[in-house]
Amino acid sequence: MPVANLNAATDDFRVVIIILEASKAIGLEVNPEKMNYMIMSHDQNIVRNENIKIGDLSFEEVEKFKYLGATVTNINNTQEEIKRRINMGNACYYSVEKLLSSSLLSKNLKVRIYKTVILPVALYGCETWTLTLREEPRLRVFENKVLRKIFGAKRDEVTGEWRKLHNAELQALYSSHDVIRNIKSRRLRWAGHVARMGESRNAYRVLVGRPEGKRPLGRPRRRWEDNIKMDLREVGYDDRDWINLAQDRDRSRAYVRAAMNLREHTVLWRDNGLKHGGRSQLFYDGHQSLAVGLSAVAQADPPCPPSDRLLHVVMAGLQHEPERPQKTGASALSLPGQDALTSSGLDLEFETDVQTTAPEPALYETAYVTSHKGNCRAGAFSVDGQLIATGSVDASIKILDVDRMLAKSAPDGLDPSGDSQGHPVIRTLYDHLEEVTCLEFHPREPILVSGSRDFTIKLFDYSKTSVKKAFRTITCVCSSARPFRGGLGLGEDWHACRQNSAVATADVPVSRVGSVVREKMSVRVLFASVRIPSRSTIHDLVNKVRCTGSFLNKKCVQQRRVLTEEKLDEVGTWLEHSPRKSLRCLAQEINIFKMSAFMATKLLKLKPYRVSVVHALQPQDPDADQIRCMSFHPTGDYLVVGTSQPVIRLYDVMTAQCFVCSIPSHQHTAGITSIKYSPDAKIYASAGRDGSIKIWDGVSNRCVNTFLKAHDGAEVCSVRFSKNGKYLLSSGKDSLIKLWELSTSRCLIAYTGAGTTGKQEHKAQAVFNHTEDYVLFPDEATTSLCAWNSRNASRKQLLSLGHNGPVRLIVHSPTAPAFLTCSDDFRARFWFRRMPLH
């Protein structure tokens, strides 16, 4: 029996009476149990009759019923139909569940079963659905459930246990379009069909018709036509008159294909070289989703890295076409990045097919372990890779010889040379008062530079075997800034800032101000008949004159004064800024006796710092004004420094003069976390706690580019240039590593997969290996090393680092397959990959 949809108006019942009489005339009788009626109205409070009698027949009123297989409700809501379709899809899924989990069928056959058996049941009549943000997740959950049954579980690389596939992994395995894309494309296709029907068809009249009356109060519900406009807006059509667009079949089909994510592009690339170049070009141009889909369809192994090599090939081919005139001059081929340096290392423009020759990081082994008395936080390799330096919370610095460390762990078959048989620790330096935060080797001289939380930068000449103290100290407390004009070749946009204690060395009061140049000249005059001494000897003599008043070896006589209220306040101030300062250093700084300093701490109810004792007073910002990072200019003449303040400072290593940018708006808005010079010194990069990365001109010190929210607003932990200066590698507290192309100022590759087992709390650095074939990053939660292929971001095997605490620093050797890790378990591990013996 037919099912009726009746309006409450009286005239409409006359039609029903006519139908009943005509049916009775030909011998048909209406079954009242199978025929119902429904009233559709915005006003749900309307008076409703339970039954309507027409003659001897009684018809029941309902709120919903099925019409042509779809559920129609009295409020014209498609949510009930979507729920019913999902339930029917689930029933169909459970009926073929054994087939989907069978190991006898291939995954491609299972996907075909899903597309031909389950999906048509779930999407029947989806062309008329009005989707909202409530229904789309339900449909995606249903599809992901089926796909997880098809593709099965995956063994976790970290824990070794089986787990469910994540949504992103399912999308990479399922190369076809998802359920939402299918619905949108079908809806656009049906909308174009209805728009071309003409006024003689009821469907077209319903589409363009306008009902009489007024809408109820409140926000109007989303209509089916609103979905059509939103779908077209997603594919780039902003015109509201979409009905005129549907009259052009070719254009309409083009937008339907766009809604299906350009499905036809999967057959564009016939040649293997064009396939590879096409996918790489799509990655380079920012079409990551399309490139991933193409790679999944083509089953590319390894995945294609981003590259614009196809653009170069096309442009070169166009230049050689006979009918196309040749362009002369510099404008013939003006492509970004052509003026960059050409050197070894990572170069995605020309080396997308390079086979990696360096060993995988998972093959490295621990060659040596050194321990400190506190957390190990800093480390560095020398330029030639022969030395490493480690720094700790206990304010000590160790310099170790790489050859000696390798000799200690050499196999029995290897006979180390005589120079490699000594102890690996060749220097131990004690001159800082607090934690050593960063270390850097001079690129040309045997000088090690260290930064600390005691606001100082110290320069050590480690060529001397008995060195313990620094020959120069720079205090990063800027007292005044003035415009600088000429003299250093840094341009007029620098501001010079002279430090009160810029060249004050250890055991010299900060209040002592003097010109080092004048001291040097006086020494040269006194020793006019003698050969000119070295720079370090001159500084030692200058400091000796300052402390003792003579060149002879005399003890420094310093008057000690008793404890007063002013001195007591000064002790409290010093301990607030430097809670880890010892009593001896505290007494020297304030010019009182050591016992007086001890009494002051008792009166203030404070304790001086010891390694085994936790300080009772924690300042509001324990990192205030500490040295966070630094980087040498490739010539070694200048040192750029980042502190907890947003201002970047550049120091002349010879004169210890400080320079800052003349434009305050160019600075970061929070403390500096990492800073690095490019290999050609034309630019340098800085990262801040404000989540931004800034590129600075190395001559004018102007900020030439800024990557705002480089890691989605998370703090940026490290920045590092590639060897050719074309790319910048960054890491953030979101556990993501990104490779930026400087010529186009965009992210080319995102290395994902780290930090999946826990939130990252501490800073962690991302580094290249010595050949830039791999990207390394320590996972804080698992204390393991994550590695990726730098060109295609393919994940490599994990390496357990063996630390009992979070890894706070990783640095790779610039010349050999070796790296150094520093951890909060007081240890620094040296890792090396030995070549197999034949």
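## A few questions about this model

Visitor: Which residue in β24 is the bridge partner of lysine 676?
Guide: First, a heads-up: this is a predicted model, so to speak only of what was let through, local features need pLDDT of at least 70, side-chain atom pairs count only at pLDDT 80 or more, and totals for chains, interfaces and linings use all residues. Residues are numbered from 1 along each chain as its sequence is written, and side-chain values use heavy atoms, with hydrogens and water left out. In β24, lysine 676 has as its bridge partner alanine 685.

Visitor: How many bridges join β23 and β24?
Guide: Strands are DSSP runs of E, at least two residues long, numbered from the N terminus. Two of them count as paired if DSSP finds at least two bridges between them. For β23 and β24 (residues 683–688), which run antiparallel, the number of bridges is 5.

Visitor: Which are the edge strands of the open sheet?
Guide: The sheet has 4 strands in the order β23-β24-β25-β26, with antiparallel pairing. An edge strand here pairs on one side only, and that fits β23 (672–677) and β26 (703–707).

Visitor: Which residue in β3 stands opposite lysine 53?
Guide: β2 and β3 (residues 57–61) are antiparallel partners over 4 bridges. They form a hairpin with 2 residues between them, and glycine 55 in the turn has a positive phi of about 70°. Across from lysine 53 in β3 sits serine 58.

Visitor: Which residues make up the covered face of β2?
Guide: In a regular strand, side chains alternate between the two faces of the sheet. In β2 (residues 51–54), Asn51 and Lys53 lie on the uncovered face, while the covered one has Ile52 and Ile54.

Visitor: Why are the buried residues of α18 on the same side, and what arc do they cover?
Guide: Helices are DSSP runs of H or I with at least four residues. In α18, Lys567, Val571, Gly572 and Leu575 are buried, meaning under 20% relative accessible area (exposed is over 50%, partly exposed in between; 1.4 Å probe, protein chains only). The arc is taken from the directions from the helix axis to the C-beta atoms. These residues share one side of α18 because their arc around the axis is only 145°.

Visitor: Which helices are included in what covers the buried residues of α18?
Guide: The face turned away from the buried side carries the exposed Glu565, Glu566, Asp569 and His577. Contact means heavy atoms within 4.5 Å. The cover over the buried residues includes α19 (583–590) and α20 (594–603).
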